[in-house]
Amino acid sequence: MWRKRINVGILVLACLLVVCVVFPMILRLRETARRMQSRNNLKHIGLALHNYHDSYNCFPAGGIFNLERQAYHGWMTTILPFIDDYPLWSSIDGKEPWDTTKNAGSFLHELPCYENPSEPLPQRSKWEFPLAHYSANSRIMAVNSFTKLESIENAERVFLAGELAGDFLPWGCPYNWRELGSLNDNPPTYGRSTRDGCHFLFTDGRVEFVANEVSADILKKMSGDDLTGFKANSLKIQRPSSFPVPIDALRISWDWEPDAFVTTREDIHGKVTTEKVKKGKNSK
C-alpha cells in the first residue's frame, strides 16, 4: 500500500512540475502572439494612412471640428475606405457629428484592427461605443490639421500612431490624438498593459517596440515638430468627460447572403428591422 502511495505522490509531483514549467511558457507564447497582432494592427493602420496621403496629398486631421468647436469626425473614421470596410463607411453621414442619432449606430460597430489584444476587454454594454487602443501623434494629426509628409523633418524618426496605456476613447471619437511625454506613465499616455514599453508606427511605415528606458531626447525626436499647432489648439478644444450613445440610435450590422446584401438595424428595446438589396433593387 505504501509503495502505491509513493508512486501516486511521485506522479502528482511530476504533474505539478510540468504545470509549473509549461503554464508560464503558454502565457509567454500567448503574449507574443498578442504583440504580433498589435504590430500587425499598426501596420494595417499605417498602410491606410499612407493610402490616404497618396489620395489627398496629406495625412488626415486627427479630428474635424467646425468654427463653433463642435466635434465631427476623427482620423480613424476618415481612413475607413482604406481599411476595406466599405459598408461601414457608406453608412456614415460626414455632414453630421459622429455621435448624433443618425451616425451613432455605425460607431457601435467593433473594428478589431483598432483593438490591442494585449489589453483586457472591459465589461461593456452593446450600447456603449467600442474603444480604440491606439492614438495619433498630436504633432502630426490633431484639430483640423492636414500635414504633408514632405513637411515632416527626419520623417523616418517621427511616429504617426502608437499603443495606449489607458484613457481609451471610442474609435470614432475626434479627440483620439495625444502628446508623447514618457511611456506607461500617469496620466495615461502611450504604452501597453505589460508596462514594459510601447509599439509605435513610424512615418516610413515600420513598427518598432520602444522600451520604457528610452531617453527623453529620443522621445522628443520621435514626436517631431509641432506641425498642427497642437499646444495652441488644445487650449481651445475641451474633450467631454464621457461619450453616451443617443437613446434613439440604431445598432447597424451587415451580412452577405447568396443573392443579397443584408443590413440589420436594432433599437435599444430590441426591435430589429432588416433591409435586403437584391440585384440592384431594394426589398424588405
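This is a guided walk through the protein shown above, from the whole chain to one sheet, one residue and two pockets.

Let us start with the overall picture. The model you are looking at is predicted. It has 284 residues, and 44% of them count as buried. If you trace the chain, you will come across seven helices and 13 strands. How much do distant parts of the sequence touch each other? Among contacts with a separation of 6 or more, 63% are between residues 24 or more positions apart. On the outside, the protein exposes about 15800 Å², and carbon and sulfur atoms supply 56% of that area.

Now let us look for a sheet. Strands of a sheet pair through backbone hydrogen bonds, either parallel or antiparallel. Here, five strands form an open sheet, and their order is E7-E4-E5-E8-E9, with mixed pairing. At the edges sit E7 and E9, each of which pairs on one side only.

Strand E8, which covers residues 197-202, is a good place to pause. On one side, E8 is joined to strand E5 (residues 159-163) by three bridges, and the two run antiparallel. You can find this pairing by eye: Phe 159 has Phe 202 as its bridge partner in E8, and Gly 162 stands opposite Phe 200. E8 also pairs with E9, again in the antiparallel sense, this time over five bridges. Here you can look for Gly 197, which stands opposite Ala 211 in E9.

Is E8 buried or exposed? The strand is mostly covered, with six of its six residues buried. Follow its side chains and you will see two directions: Gly 197, His 199 and Leu 201 point one way, while Cys 198, Phe 200 and Phe 202 point the other way. The residues on both sides are buried.

Next, follow the chain out of E8. E8 and E9 form a hairpin, with four residues between them. In the turn, Gly 205 has a positive phi of about 95 degrees. The loop between E8 and strand E9 (207-211) also holds Thr 203. Why does Thr 203 count as buried? Its relative accessible area is 3%, so it falls under the 20% cut-off for a buried residue. Which residues does Thr 203 touch, leaving aside its neighbours within four places in sequence? Thr 203 is in contact with His 50, Leu 149, Ile 152, Ala 155, Glu 156, Val 158 and Leu 160.

Finally, let us visit the pockets. The largest pocket holds about 410 Å³ of space. It is lined by 17 residues, and the closest to its centre are Trp 177, Arg 178, Glu 179, Phe 230 and Arg 239. Strand E7 (177-178) and helix H7 (230-234) each supply at least two residues of this lining. E7 may sound familiar, as it is one of the edge strands of the sheet we met above. What kinds of residues make up the lining of the largest pocket? By class, there are seven nonpolar, five polar and five charged residues.

The second largest pocket holds about 220 Å³ of space. Of the 18 residues that line it, Glu 128, Phe 129, Leu 131, Pro 170 and Phe 243 are the closest to its centre. The lining of the second largest pocket divides into 11 nonpolar, three polar and four charged residues.

Terms used
Residues numbered from 1 in each chain as written. Predicted model: local features only at pLDDT ≥ 70, side-chain atom pairs only at ≥ 80, totals over all residues. Heavy atoms only, no water. Buried < 20%, exposed > 50% of the residue type's maximum accessible area, 1.4 Å probe, protein only. Contact = heavy atoms within 4.5 Å. 1 Å grid on protein atoms, 1.4 Å probe; cavity = no way out; pocket = protein on both sides within 12 Å on 5 of 7 lines; lining within 4 Å. Points joined across faces, edges and corners; volume = space filled by probe spheres on them. Nonpolar A, V, L, I, M, F, W, Y, C, P; charged D, E, K, R; others polar. Areas by Shrake-Rupley, 256 points an atom, 1.4 Å probe, with all protein chains shown as cover. Pairing = 2+ DSSP bridges.
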